[in-house]
Every structure is written in C-alpha cells, then in structure tokens.
Amino acid sequence: MASDELTRPVAGSAGDGLAGFTHRYADVNGTRIHYVIGGEGPAVVLVHGFPFTWAVWRGLMPLLAAQGFTVLAPDLRGMGDSDPAESDTFAKTNVAEDIRQIVLGLDLGPINLVGMDVGGMVVYAYASRHPGEVRRLVLSETLIPGFGLDEMMNPSAENGTYTFGFHGQVDLACFLTQGKEPAYLTPFFRLTSVRPDAEAFGTANYLPHFTGPLGIRGGFQHYGAMIEDGKANRAEFTTRLPMPVLVLNGDHGYYRKELLAGVRQVAGQFETDLIPQASHAYAYDNPQATAERLLQFFAVSDLERLVVTEEVRQVVASYVYHADHHEFGELARLFAADATFTIYDTQGEVVMTMNGPKEIEDIISRSVAGSSAIHHLFSFQTEVHSPVSATSVVNMQDWIEAGDSTAGNETLPFRSMHGYGHYRGEFAKIDGTWKIQKFVQTRLRMDITE
C-alpha cells in the first residue's frame, strides 16, 4: 500500500502523460486492482515484478497501442495502487486470477500475456491453468516455480541468490526493512537497469508505493508463496503449454540459462531472444527494441490466417443459408449487438441502414418473408487483422421471386430479380464466436421482371 502522502490516481484519469491511456480500478477476486489501459485491438497484458509497478512498462505501452493493440498493465495485488492483502492470498494462481477476472470482465481474450520477474511467475500460472485463454505467452527475466526457481532460492547453488529466501521470510524481511525502504530498494533500481537515470526514475515512480506500514510487505508476500507455488505447479503439470512461448531477457539481464531450462520442461514450442542494451528492466531500458520483438511474436501466423479465413467464410455462408431458408432469427444472431447492415443500389445510393440484430431481423423478415431467394457466393477475399478480427469481400449473385404478397411480406417492387454484386463485412470474435460487426450489400446490376 502506498504511504499516506501518496494519492492514488482517480479512476478514468489520464495515464500519466500516456495519450489514450486511463487509470482504472477493478474489484475482483476479493481485492481491488489498479490498472492502466489504452489502445484498441487484440489485447496485450503486461505484468510487472518487484520492486516495480505498472510504470516499468510506460515507454513500451504507447508503442504497442500505436500498432493496433489494447494494452493493459495492472499493479499486482499488494503493490502500486492496488489494495494491500494482509491475508495469505499470494499464491501465483490466485494473483493470476485477479488479472484474469479483469480480462474476462473487459472481454479481451484470447490475450497476449507478458510477465517479467515475479510477474513471469504469475503469467505462467495464468497460462498453465487457462491455456485456451492465452494466445501468446512471454516469460521474461523470471524463473518458473517448480521448474528452476527452487534451485535459485538456495544461495549456495551456482547463481543462487539470498533475495528469494530473505524476501520469502515476510515478517523478518519487513521488520528489517520498514523505515529503511529507500536504502534497501534504491540499489535494485540501479542494478536492474543500464540507464543512468534508472535510480531517479525508480525513486520517483516505484519507491513511494513501497513505503508506509504495509508498503514493502506487499512485495515480500509474493515471495512468501513461492515454495508452495512450485509444489502446485509440479503437482498440476500434466501437459506442456500449447501456445507459442517467447523467452525474453535483456542482454545484461538475469537467469536466462535457468529460465530456458525450465521452459524446455513446460513448453511445447518456444523461441528465445535478447533485448539489446537492456538489463532486468528491459522494457524500461529499451522500449523500442522490446516493442519490435513483441510485435514480431504477436503477428498473425499462417495457420491462424487460414483458420480465421475459413471461420469468416462459414459466417457468411451461414448468413445466406438462413436468408434462403427464412430463418431470420438465426440470421440475426450472426450479428454483433452494435452491428450495422447497409444496402446500396446499383447507383451507389443507400437504400437503407439497419442497426442491431433486432432491427435487422424485423426488416428482412417483413421484406422477404413471402418470397423465395437463392444466394450464390464466390471469390472470397479475406484480410485477417488478428486472431479475433477480419474483413472480407465476397462476390455474390442472388435470385429473388416475389411470391405471395399475402404471406406477410411488404410487397416487393418486382415479380423476380436477379442481382449481381458483393458483400463487404467486418468481423470480430466475441466471447469465442465470430460476429458480423458491419455488413454492406452492394448490387452492381439488377435484372428485373416487373
């Protein structure tokens, strides 16, 4: 918890000089979590470690948002502007659930998930327990409990360090450091970065959150759970992570060899890289290089492109099937809640625009309920923007016979019509189901029998 002198940002306020980003809070999983969010598009969730806050990602966040991503950076429970949690609730699975509930509440999945330091342990817990909700996983400057961390907690082991064991003795660590937080933490800011201004940045942005009665305790509590985290990870390990994994370190960072050894045990497919001119706080040290490497990793794969193209084709095929069979309720359910459907005539003039599934169902059913129709689709052109968004242009022919006007339809201005044109659609995967967000029908030619 921050010291009494530290004022938490107001919910909805601008994100500390980050254009398009705002501070928010979420009451989730028995606590209150602060996070900063901005951008539009597929989600990237950035999870910090200790002794940092969300601000370790500040330089990186606008770079990702500018490339078409929603970027969310939470403060872990007990740290930053999130609430303290004095009870024993720091199992990494539980900390991961804090973030997961925010993601689910904002309907952001499947997400690209990035964790550094303690945050890397949290995101491993997230991805290993909910693999279907994570598209890409980045484990950076971290160790995996149960798969390498335990050995590094032994200071007598090669590359072992006292910090894990000391911080894990939460009451003792608090007793020895409270009131001395600047003296204890300032060297961390300097030693985890290659930038000459790292100490000043850490003192201004991180340190105030780790002072006061419960300030530093919130960081130590994450360490206090690590032994049990390792036992839980080993006990629940049944299969390797199915999503692609990127192992990322600063070229002056820590534990790369040990992290790679752990990832080889838990991941089905992974790649590894170094961020140049960077240490443990690599995203702070070199945000541009970090953004470029993450964007490369997050890019749509050939397999994803093929899958999305086929899934979008099926949505359009379902639309014409339901239209031809007068299943107007099923047709309407293909559209998102805020969808629009616009029809243009052969002169390029708007005939009508329908808004939302209910209006789409009502107007189409009234217009053609007593007619018979056949649609023929061909030459799909689909552009995949992400695993959850795409646009498509589909050439079409349609034949409509007016039929019996007493069957409930509004009288059509023709006896029969043979049209040529195309559909242009924007599609989004919402709650795991593809929906039409915007649909445009344009007829370039109409052969009509009065």
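Okay, so two strands pair if DSSP finds at least two bridges between them. Strands here are E runs of at least two residues, and helices are H or I runs of at least four, numbered from the N terminus. This is a predicted model, where local features need pLDDT of at least 70 and side-chain atom pairs need 80 or more, while totals for chains, interfaces and linings use all residues. Numbering starts from 1 along each chain as its sequence is written, and side-chain values use heavy atoms, without hydrogens or water.

Let's start with the sheet. It's an open one with six strands, and if you walk across it you go S11-S10-S15-S14-S13-S12, with mixed pairing. At the edges you've got strand S11 (350–355) and strand S12 (372–386); each has a single partner strand, so one side of each has no neighbour in the sheet. From one strand to the next, the twist averages 15 degrees (angles run from 0 to 180 degrees between N-to-C directions, along axes fitted to C-alpha atoms, for helices over the stretch in contact).

Now go to the S11 edge. S11 pairs with strand S10 (residues 335–344) in the antiparallel sense, over five bridges. Which residue in S11 is the bridge partner of isoleucine 343? That's methionine 352.

What packs on this sheet? Helix H14 (residues 302–324) does, touching (heavy atoms within 4.5 Å) S10, S12, strand S13 (389–401), strand S14 (416–430) and strand S15 (433–449). The direction of H14 makes about 160 degrees with that of S12. Then there's helix H16 (residues 356–368), which lies across S10 and S11 and runs at about 130 degrees to S11.

Next, helix pairs. Helix H6 (residues 170–177) and helix H9 (residues 215–224) have axes that come within 9 Å and cross at roughly 150 degrees. So H6 and H9 are roughly antiparallel (over 145 degrees; under 35 is roughly parallel, 65 to 115 roughly perpendicular, the rest oblique). Among the residues that meet there are Val170 and Cys174 in H6, with Ile216 and Phe220 in H9.

Helix H3 (residues 118–129) and helix H10 (residues 226–236) have axes within 12 Å, crossing at roughly 25 degrees. That makes H3 roughly parallel to H10. Their contact includes Met121 and Tyr124 of H3, and Met226 and Ala232 of H10.

Last bit: charges. There are 22 salt bridges in the whole structure (a Lys or Arg side-chain nitrogen within 4 Å of an Asp or Glu carboxyl oxygen). In one, arginine 77 and aspartate 98 have their closest N and O atoms 2.7 Å apart. Arginine 77 sits in the loop between strand S5 (70–74) and helix H2 (92–105), and aspartate 98 is in H2, so the pair ties together parts 21 residues apart in sequence.
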